[in-house]
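Student: I'd like to check some labels against their cut-offs. Can we go through them one at a time?

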Amino acid sequence: MILIIGASKGIGKFLLEKYKSKEVKVLGTYNSSFIEKDWYSKVDVTDYSEVSDWVNKNETNLNDITLINCAGVTYSSFAHKSDPELWKKVIDVNLIGSYNCIRAILPLMRLQKFGRIINFSSVVASKGTPGVSAYAASKSALWGLTKSLSQENAALNITINNINMGYSELGMINQVPKEFLGSLIEQIPSKKLCTPEDIFTTVEYLRNCGYINGSCIDLNGGLI
């Protein structure tokens with residue numbers, strides 16, 4: 001069973017639809033975007049009780065679990081001008097939300113002695129980018145979380161890894177003004193955005209390789 005957190009838009013939506021087309025068992029969550037389909041549930045990842053209740057509700061169907069954390073928000077502002085509440089919300093969704101989902105599913109993975117956890121981090125965690133301090137902080141924190149959890153769970157055949165996304169055709173790229181998109185692509189050595197298929201291929205690689213653990217894969221076209 002594949003669980004995709006934040007599956008109503010962007011990368012999460014693409015992955016859910018891709019797995020559904022392959023007739024793989026998959027469940028997805030949304031929060032602000034209502035979707036009336038049996039395999040979607042409304043879950044606020046910042047509320048641990050909601051996440052835990054969702055896992056418990058579906059527990060009888062959860063075997064050979066892959067958890068993919070795609071839920072994310074961003075907030076653009078120079079730090080000295082930022083709104084502390086909006087800054088904190090990014091941490092709450094991107095970092096605390098990922099932790100909540102992992103915390104809720106890990107006991108079941110440990111009981112079954114199998115699990116795959118894939119977090120979506122970002123190139124901005126290592127590439128200094130002005131105006132995105134909250135997003136960069138939330139995404140770089142996933143690196144430390146991933147490495148620590150991999151040590152705790154590797155002996156039980158549970159892997160936890162990050163995909164450090166560069167700029168892709170999906171997700172938050174739609175927030176980049178069109179007049180800046182061309183210059184952004186010019187910064188990428190491959191001179192193109194990451195395709196959805198490249199994202200899927202990377203996710204599948206991490207799902208199928210049990211010896212990659214506590215790692216960060218840079219999916220960025222050579223951007224550093």
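Student: How many disulfides does the structure hold?

Tutor: Zero. This is a predicted model, where local features need pLDDT of at least 70 and side-chain atom pairs count only at pLDDT 80 or more, while totals for chains, interfaces and linings use all residues. Residues are numbered from 1 along each chain as its sequence is written, and side-chain values use heavy atoms, with hydrogens and water left out.

Student: What makes C209 and C216 too far for a bond?

Tutor: A disulfide needs a pair of cysteine sulfur atoms within 2.5 Å. The closest cysteine sulfur to that of C209 is in C216, 15 Å away, so that's too far.

Student: Why is C209 called partly exposed?

Tutor: Buried means under 20% relative accessible area, exposed over 50%, and partly exposed in between (1.4 Å probe, protein chains only). C209 has 21% relative accessibility, so it counts as partly exposed. C216, at 27%, is partly exposed too.

Student: And N153, buried or exposed?

Tutor: Buried, because its relative accessible area is 2%. N153 lies in helix α4 (residues 133–153); helices are DSSP runs of H or I, at least four residues, numbered from the N terminus.

Student: How do you know that α3 and α4 are roughly parallel?

Tutor: The axes of α3 (residues 84–112) and α4 cross at roughly 15°. Axes are lines fitted to C-alpha atoms over the stretch in contact (heavy atoms within 4.5 Å), with angles from 0 to 180 degrees between N-to-C directions. Angles under 35 degrees count as roughly parallel, so the label fits α3 and α4.

Key. Helices (H or I, at least four residues) and strands (E, at least two) are DSSP runs, numbered from the N terminus. Angles under 35 degrees count as roughly parallel, over 145 as roughly antiparallel, 65 to 115 as roughly perpendicular and the rest as oblique.
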